[in-house]
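Q: I am new to this structure and would like a close look at one part of it, starting from a single residue and working outward. Please explain what surrounds that part and how it is tied to the rest.

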Amino acid sequence: MRRFLRFLVGLCVILAMIPLGLGLVLLDDKPNVEAMLPPKPEDVRFTRAFVQKVRQATDATEPGADVISLPVDALRGMMRLGTRFLPSLRADAIIEGDVVSGSASLPVPWLTGTKWLNVRASVPAFEGRVSLRSAAIGPFDLPPDLALAAGQFAANLILGNNAGDTILRSATSLRIDNQTMIFTLRLNKDGRGNVIQSVFRSLRDG
């Protein structure tokens, strides 16, 4: 019996040390992204218009109706709008050549105060299937394919409804025109509804 109890205590200690060890390795003392400004009224207007575009592209039958454009400044506005749900969110996006790069910093409560989880990823223009040019979490660069699979799994887990699978399948091409992303979205009505509901439910739940 004592041996079994020692085993349980040792197992609990090991399980408690795993997140502590991951935190020490992956978390940073400072955020890599500057604090975001509050959302502007035009951010709300554009987000509503963008959602309407997604709806119009759903089950599109006319040529070109499934093509959606998104200026990077508008994307930043949508990120600012996200702070209404996650006030501590810090995020940014830039376009360099034919690559879109995004970064985010999220505060994590820690034993010594607040630490930060810094993540970043870049997506090149593609045709057929989404791919990553690079990805990193904290100070570590990740293999792009592994990072994409992990992001897909995380979206499925956090958002539910297999949202990660749906999002990756729906984006079939991306091209860059100056500072605007132009992508083709293949998404049916059920898939669109599931993704939107999952995203907003997760934001409300923090």
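A: A suitable place to begin is K115, which lies in strand β4, a strand that covers residues 113–124. The model is a predicted one, and everything described here should be read with that in mind. K115 counts as buried because its relative accessible area is 12%, which is under the 20% limit used for that word. Its side chain makes a polar contact with the side chain of D29, at 2.5 Å. Leaving aside residues up to four places away in sequence, K115 touches L27, D28 and D29, and also L106, P107, V108 and W110.

Strand β4 also holds R120, whose side chain meets that of D141 in a salt bridge of 3.4 Å, taken from N to O. Because R120 is in β4 and D141 is in strand β7 (residues 140–142), this pair ties together parts that are 21 residues apart in sequence. The two partners are not equally covered: R120 is partly exposed, with a relative accessible area of 41%, whereas D141 is exposed, at 62%. Side chains of opposite charge can pair when their charged atoms come close.

The count of salt bridges comes to six, and helix α3 is a good place to follow some of them. This helix, made of residues 72–82, lies across β1 and β9 (180–185) and runs at about 75 degrees to β1. Eight of the 11 residues of α3 are buried, so the helix is largely enclosed by the rest of the structure. The buried residues are V72, A74, L75, G77, M79, R80, L81 and G82.

One of these, R80, forms a salt bridge with D43, the distance from N to O being 3.0 Å. Since R80 belongs to helix α3 and D43 to helix α2 (residues 41–57), the pair ties together parts that lie 37 residues apart in sequence. Both R80 and D43 are buried.

A further salt bridge of α3 joins R76 to D73, with the closest N and O atoms 2.6 Å apart. These two residues are three places apart in the helix, which means that about one helical turn separates R76 from D73. Here the partners are less covered: R76 is partly exposed, at 23% relative accessibility, while D73 is exposed, with a relative accessible area of 53%. Together with D92, D73 and R76 are linked in a network of salt bridges.

The strands that α3 lies across, β1 and β9, belong to an open sheet of four strands, arranged in the order β1-β9-β8-β5 with antiparallel pairing. At the edges stand β1 (67–71) and β5 (126–127), each with a single partner strand, so one side of each is left without a neighbour in the sheet.

Strand β8 (residues 171–177) is joined to β5 by two bridges, and the two strands run antiparallel. In this pairing, F126 has L174 of β8 as its bridge partner. On its other pairing, β8 is joined to β9 by six bridges, again in an antiparallel arrangement, and I176 stands opposite M181 in β9. β8 and β9 form a hairpin with two residues between them, and N178 in the turn has a positive phi of about 60 degrees. β8 is mostly covered, since five of its seven residues are buried.

Stepping back to the whole, the protein has six helices and nine strands, and buried residues make up 35% of its 206 residues. Among contacts with a separation of 6 or more, 55% are between residues 24 or more positions apart.

Some caution is needed about how far to trust each region. The protein averages a pLDDT of 75, and 71% of the residues score at least 70. Confidence is highest in strand β2 (residues 90–96), at a mean of 92, and lowest in helix α1 (residues 2–26), at 43. Over residues 2–24 the pLDDT is below 50, and beyond near neighbours in sequence this stretch has six contacts in the model.

Note on methods. Residues numbered from 1 in each chain as written. Predicted model: local features only at pLDDT ≥ 70, side-chain atom pairs only at ≥ 80, totals over all residues. Heavy atoms only, no water. Buried < 20%, exposed > 50% of the residue type's maximum accessible area, 1.4 Å probe, protein only. Polar contact = N/O pair within 3.5 Å; in protein donor to acceptor, adjacent residues only side chain to side chain. Contact = heavy atoms within 4.5 Å. Pairing = 2+ DSSP bridges. Axes fitted to C-alpha atoms, helices over the stretch in contact; angles between N-to-C directions. Salt bridge = Lys/Arg side-chain N within 4 Å of Asp/Glu carboxyl O. pLDDT = per-residue confidence, 0-100.
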